[in-house]
Amino acid sequence: MAVEYTLSIIKPDALEKRCVGAIMSRIENAGLKIVATKMTSISLEEACNFYEVHRGKPFYNALCTFMASGPIIAMVLEGENAVSKYRALMGETNPLKASSGTIRGDFGKDVTEANRERNLVHGSDAVETARSEIAFFFSTLERLSVVQ
Ligand code: CMP
């Protein structure tokens, strides 16, 4: 099995709910290693660039506004099959459909159709995507492991 790197973002709603520690524990308990992390915030323009792939979708504006609304925590996770392992840990995109035992399923049950973008965490959807998403948040010097 291949060691992979993936980008995780703990979103503003998770910081508001104070479940950052719980999310990080779940990541580590799943066998993933946090090899870079920073608390930061992004501008509306940066959020729109990060989610460029979703431009034009009905939820795009709300998503970008939400991501720029407060502090976030970006992390690089390392591990065997890190991309799929972390996506399984997050659960389905819609917290109302996410299984219990997943981050979104356990911490996102207060979400409504009107604020569906508030799903606590982001994880890269593929190794290639992870590469560019990691570079969006971290310089080479900020990564403990070699993430090319
Ligand atoms: P994320 O994994 O960060 O990837 C894209 C984000 O868009 C997703 O999590 C949600 O925050 C948001 N999103 C995806 N689909 C919808 C939707 N139907 N309604 C509102 N937000 C959505």
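1. In this predicted model, a nitrogen atom of the ligand lies 3.1 Å from an N or O atom in the side chain of R116. Two further polar contacts involve ligand oxygen atoms. A polar side-chain atom of K11 is placed 2.8 Å from an oxygen atom of the ligand, and a polar backbone atom of E117 is 2.9 Å from a ligand oxygen atom. On its own the ligand has 460 Å² of accessible area, and the protein covers 83% of that area.

2. The shell around the ligand consists of K11, Y51, H54, F59, L63, T93, R104, R116, E117, N119 and H122. By class, this shell comprises 3 nonpolar, 4 polar and 4 charged residues.

3. Where does the ligand sit? The ligand occupies the largest pocket, which holds about 640 Å³ of space. The lining of the largest pocket is made up of 25 residues, and those nearest the pocket centre are Y51, H54, L63, T93 and H122.

4. Which elements give two or more residues to the lining of the largest pocket? They are the helices α3 (44–50), α5 (82–90) and α7 (127–137), together with the strand β4 (121–123). The greatest contribution comes from α7, with 4 residues.

5. The composition of the pocket lining may be set beside that of the ligand shell. The lining of the largest pocket has 7 nonpolar, 10 polar and 8 charged residues, while the shell around the ligand has 3 nonpolar, 4 polar and 4 charged residues.

Terms used. Residues numbered from 1 in each chain as written. Predicted model: local features only at pLDDT ≥ 70, side-chain atom pairs only at ≥ 80, totals over all residues. Heavy atoms only, no water. Near = heavy atom within 4 Å. Polar contact = N/O pair within 3.5 Å; in protein donor to acceptor, adjacent residues only side chain to side chain. Areas by Shrake-Rupley, 256 points an atom, 1.4 Å probe, with all protein chains shown as cover. 1 Å grid on protein atoms, 1.4 Å probe; cavity = no way out; pocket = protein on both sides within 12 Å on 5 of 7 lines; lining within 4 Å. Sits in = over half its atoms within 2 Å of the grid points. Nonpolar A, V, L, I, M, F, W, Y, C, P; charged D, E, K, R; others polar. Points joined across faces, edges and corners; volume = space filled by probe spheres on them.
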